[in-house]
Amino acid sequence: MREMLLTHKKYLYIPESIRTLTPSSIEIEKLSLHFCSKARLTLTDQDWPNLQYLEIIGCQYIEISFISQVESKFTQFYIAHSKYVDFLDITGNFPHLVKGTIDQCKYVKFKGEWKGNLQLNQLEFIGSRQVDLFKQSASLPALERLDFQEGCHFLKLDLSQLSAPH
């Protein structure tokens, strides 16, 4: 698996910042951000056609968007020990995205819409102190589990915005 690891970066804007670090992100299958701050990730199929896994550890002030017009290979995201993580829009064709894990994060908000071919079936939160889910409409037809473990104390969950028949 080809991995791109970025550590201790400030004001990281993806994909713009990646163009200065590497000539191409096309072959990257795993993107890892460790101890970065003030980052905005817009992960699209044009810039990341082979991306399968996103790992964010020890970061703060992160905004994430996933956009794919063609069938994405993206399968999973893992975010741990981070502060102020905002998920913006997740739209497009993600038939392989099955699991998302948020582990020991301080403030996590799902602010944008979730729409398209999203096959996410498990969303797991472990010890994350403040979680705000589904502020906008979310269509997750394959979702089977929302799992909150070990001290998810302040949870805002608006199920009226969620469309998940399972």
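This passage walks through the sheet, the salt bridges, the aromatic rings and two unusual backbone angles of a predicted model.

The sheet makes a handy starting point. Seven strands, taken in the order β1-β3-β5-β7-β9-β12-β15, build an open sheet, and their pairing is parallel. In general, strands of a sheet pair through backbone hydrogen bonds, and the pairing can be parallel or antiparallel. At the edges sit β1 and β15, each of which pairs on one side only. Going from one strand to the next, the twist averages 5°. Zooming in on one pairing, β1 and β3 run in the parallel sense and share 5 bridges. For Leu5, the bridge partner in β3 is Ser32.

Next come the charged side chains. The structure has 8 salt bridges. One of them joins Lys30 and Glu3, with 3.9 Å between the closest N and O atoms. Lys30 belongs to strand β3 (residues 30-34) and Glu3 to strand β1 (residues 3-7), so this salt bridge ties together parts that are 27 residues apart in sequence. The two partners can also be compared by how open they are to the outside. Lys30 has a relative accessibility of 16%, so it counts as buried, since the cut-off for buried is under 20%. Glu3, on the other hand, has a relative accessible area of 40% and is partly exposed.

Lys30 has another partner too: Glu55 forms a salt bridge with Lys30, and here the closest N and O atoms are 3.7 Å apart. Glu55 lies in strand β5 (residues 53-57) and Lys30 in strand β3, so the pair links parts of the chain 25 residues apart in sequence. Both Glu55 and Lys30 are buried.

A further salt bridge is found between Lys115 and Glu113, whose closest N and O atoms lie 3.4 Å apart. Lys115 is partly exposed at 43% relative accessible area, and Glu113 is partly exposed as well, at 27%. Back with the earlier residues, salt bridges that share partners join Glu3, Lys30 and Glu55 into one network.

The aromatic rings tell a story of their own. The count of aromatic pairs comes to 11. Take Phe77 and Phe87: their ring centres are 5.2 Å apart and their planes meet at 45°, so the pair is tilted. Phe77 is part of strand β7 (residues 76-80) and Phe87 part of strand β8 (residues 83-94), so the pair ties together parts 10 residues apart in sequence. As for exposure, Phe77 is buried at 0% relative accessibility, and Phe87 is buried with a relative accessible area of 0%.

Then there is the pair of Phe125 and Phe148. The ring centres are 5.2 Å apart, but the planes are at 10°, so this pair is stacked; the cut-off for stacked is under 30 degrees. The pair links distant parts of the chain, with Phe125 in strand β12 (residues 122-126) and Phe148 in strand β15 (residues 145-149), 23 residues apart. Phe125 is buried at 0% relative accessibility, while Phe148 comes out as partly exposed at 28%. The rings of both pairs belong to one aromatic cluster, made up of Phe66, Phe74, Phe77, Phe87, Phe94, Phe110, Trp114, Phe125, Phe134 and Phe148.

Finally, a look at the backbone. Most residues other than glycine have a negative phi. Tyr61 goes against that pattern: Tyr61 is not a glycine, yet its phi is positive, near 60°. Tyr61 sits in strand β6 (residues 60-68), and with 42% relative accessibility it counts as partly exposed. Gln104 also has a positive phi without being a glycine, this time of about 55°. Gln104 is found in the loop between β9 (99-103) and β10 (107-110), and Gln104 is partly exposed, with a relative accessible area of 33%.

Key:
Residues are numbered from 1 along each chain as its sequence is written. This is a predicted model: local features need pLDDT of at least 70, side-chain atom pairs count only at pLDDT 80 or more; totals for chains, interfaces and linings use all residues. Side-chain values use heavy atoms; hydrogens and water are left out. Helices (H or I, at least four residues) and strands (E, at least two) are DSSP runs, numbered from the N terminus. Buried means under 20% relative accessible area, exposed over 50%, partly exposed in between (1.4 Å probe, protein chains only). A salt bridge is a side-chain nitrogen of Lys or Arg within 4 Å of a carboxyl oxygen of Asp or Glu. Rings of Phe, Tyr and Trp (its six-membered ring) pair if their centres lie within 6.5 Å; planes under 30 degrees apart count as stacked, over 60 as edge-to-face and the rest as tilted. Two strands pair if DSSP finds at least two bridges between them. Axes are lines fitted to C-alpha atoms, for helices over the stretch in contact, and angles run from 0 to 180 degrees between N-to-C directions.
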